[in-house]
Amino acid sequence: MMKSSFNKCFSSSTNSSQFFTLFFFFTLSLTALILVSCWNHSPNISPFFVSWKWKGEENSSSIAPYGSHDGEKLNTNFKHKGANKKNLRDHKYTKLERIESKLVKARYSIKEASKIRNSTSIQHDQDYVPHGPIYRNANAFHRSYLEMEKMFKIFVYEEGEPPMFHNGPSKDIYSTEGLFIHEMQMGRHYHTNDPNEAFVYFLPFSVVMMVQYIYVPGAYDRNSIGLSINDYIQIISHKYPFWNQSLGHDHFMVSCHDWGPIASAYVDNLFNNSIRVLCNANTSEGFNPTKDVPYPEVFLKTGELTGLLEGYPPSQRTTLAFFAGHLHGHIRYLLLKTWKNKDQDVQVYDEIPEDVSYHSKLKSSKFCLCPSGYEVASHRLTEAIYSECVPVLISDNYVPPFSDVLNWKAFSVQIDVKDIPNIKKILMGISQRKYLKMQRRVKQVQRHFVPNVPPKRFDVFHMTIHSIWLRRLNVHIHDDDQSY
């Protein structure tokens, strides 16, 4: 009866075989239209894993995503080029478009991974699987790191002569700048000799070396440094198309000198657009955490880490809090004025006694105070982590390293400057159980701050490259000299 009624309904127009044929082609066409629509309306994804920004939504992170673009803008740009179905079939993709296509796929992969809120990554890794609360999202970070290893390519400009270019210090407080430049010159990781296949371009100048060779001590005139950087970018922008193509958005510099931010200001697009990897990550001096990268400052007196990566077990940490350092800036002035020679639990020195070992005090203290000096950056942060001492950050306007993936609240204490008189009360208020958890996490996060030579996966070099990778993920470069 049902079969008879069905045939009766369709007998006047077509038979059942024709109907199913038409239905099949209709479904196929509809599927194709949906896939094209999904491609043209790809979401904007913030590199900061705790919050993924989609069109019409507010970002809940304290660090907003950079270079936001939504599906409509992408689609409009494509139509502006006169695209239609025939052009879409016949279009020959440029190398830049292929790079952007890879980034779209990587964004989607990371976004999907971010939905899994496990404290341990589900990705397989023979070396290290990110886990625990030290990460904002362990699975998203791991997925992003693996995508970076698979596809990220960096071109290093060959122009410029040492020592101010292609060179940097490997000792003292600027050591990480020199070690990074050296590693990029070695070309062991992420390096490409073909600039057309690069995702980002490294500007290999060293502000530290410029200060040493062209700055006149006591002159207080930094024009020579800024103008040298300006001249260098003029040279590469005339020789290569890449700077003008992106207005600097896919270029990056590295500087651990306090003057790094000021020196970059001599080129507007370098200051405003480019990725600046800076130890002096001071938001009051123009550091923009949505496009710039905070870089750890490491003090390697001899250029080696020998004896620095160890600490006493918690049972042998008899000092509550420790700091020793010169009177640099108002924060240290307040710290020394409040606590110097005042309390054996909070030991603060401007000059450490000759019979006291600085590194032994780090290793035998529960908390290590890390106040800013004249600038926000301080190597005391990495010294605390190397000594397995819980760092206490006391600063204004400072963005901690790798805070796009690391949850600093899980393994450090952050104290406002106004609360310096309450340091002991705040630290004594942390239970032994919580302290032991934080101290274990410091030991876990240590691997991300170690400058290995040669670099090892997940160490400070690779983590810095990963931060650069995140910033590049959130920028779209066009062949028509526009980027967003």
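In this predicted model, Tyr-349 touches Phe-322, Phe-323, Ala-324, Gly-325 and Leu-336, leaving aside residues up to four places away in sequence. Tyr-349 itself belongs to strand β7. With a relative accessibility of 17%, Tyr-349 falls under the 20% cut-off and so counts as buried. Another residue to look for here is Leu-327: its C-alpha atom is separated by 9.6 Å from that of Tyr-349, and the two are 22 residues apart along the chain.

Several of these contacts lead straight to strand β6. This strand takes in residues 319-324, and six of its six residues are buried, making β6 mostly covered. On one side, β6 pairs with β7 in the parallel sense, over four bridges. Within that pairing, Phe-323 has Val-348 in β7 as its bridge partner. β6 also pairs with strand β8 (residues 365-371), again in the parallel sense, this time over three bridges. Two places in the β6-β8 pairing are easy to pick out: Thr-319 has Ser-365 as its bridge partner in β8, while Phe-322 stands opposite Cys-368.

Zooming out, these strands turn out to be part of an open sheet of five, arranged in the order β7-β6-β8-β9-β10 with parallel pairing. β7 (346-349) and β10 (413-415) each have a single partner strand, so one side of each has no neighbour in the sheet. Direction ignored, neighbouring strands of this sheet are turned by 25° against each other on average. As for what holds such an arrangement together, strands of a sheet pair through backbone hydrogen bonds, in either a parallel or an antiparallel way.

Helices lie against this sheet too. Helix α13 (residues 329-339) lies across β6, β7, β8 and β9 (390-394), and runs at about 125° to β7. Helix α17 (residues 432-445) also packs on the sheet, where it touches β8, β9 and β10. The direction of α17 makes about 95° with that of β9.

A further open sheet is built from five strands in the order β1-β2-β3-β4-β5, and here as well the pairing is parallel. Its edges are taken by β1 (154-156) and β5 (293-294), each of which pairs on one side only.

A good place to start in this sheet is β3 (residues 251-255), which is mostly covered, with five of its five residues buried. His-251, Met-253 and Ser-255 point one way from the strand, Phe-252 and Val-254 point the other way, and all of them are buried. On one side, β3 pairs with strand β2 (residues 200-202) in the parallel sense over two bridges. There, Tyr-201 has His-251 of β3 as its bridge partner. β3 also runs parallel to strand β4 (residues 275-278), and four bridges join the two. In that pairing, Phe-252 stands opposite Ile-275, and the bridge partner of Met-253 in β4 is Arg-276.

Away from the sheets, a pair of helices is worth a look. The axes of α6 (residues 138-151) and α18 (residues 460-473) come within 10 Å of each other and cross at roughly 90°. The two helices are therefore roughly perpendicular. On the α6 side, the residues that meet α18 are Phe-141, Ser-144, Tyr-145, Glu-147, Met-148 and Met-151. Across from them, α18 contributes His-462, Met-463, Ile-465, His-466, Trp-469 and Leu-470. By type, the residues of this contact divide into eight nonpolar, three polar and one charged.

Finally, some figures for the chain as a whole. The chain contains 18 helices and 10 strands. Of its 484 residues, 52% count as buried. Among contacts between residues at least 6 apart in sequence, 69% join residues at least 24 apart. The accessible surface comes to about 23,200 Å², and 54% of that belongs to carbon and sulfur atoms.

Key. Residues are numbered from 1 along each chain as its sequence is written. This is a predicted model: local features need pLDDT of at least 70, side-chain atom pairs count only at pLDDT 80 or more; totals for chains, interfaces and linings use all residues. Side-chain values use heavy atoms; hydrogens and water are left out. Buried means under 20% relative accessible area, exposed over 50%, partly exposed in between (1.4 Å probe, protein chains only). Contact means heavy atoms within 4.5 Å. Accessible areas come from the Shrake-Rupley method with a 1.4 Å probe; for residues, only the protein chains shown count as cover. Axes are lines fitted to C-alpha atoms, for helices over the stretch in contact, and angles run from 0 to 180 degrees between N-to-C directions. Angles under 35 degrees count as roughly parallel, over 145 as roughly antiparallel, 65 to 115 as roughly perpendicular and the rest as oblique. Ala, Val, Leu, Ile, Met, Phe, Trp, Tyr, Cys and Pro count as nonpolar, Asp, Glu, Lys and Arg as charged, and the others, Gly among them, as polar. Two strands pair if DSSP finds at least two bridges between them.
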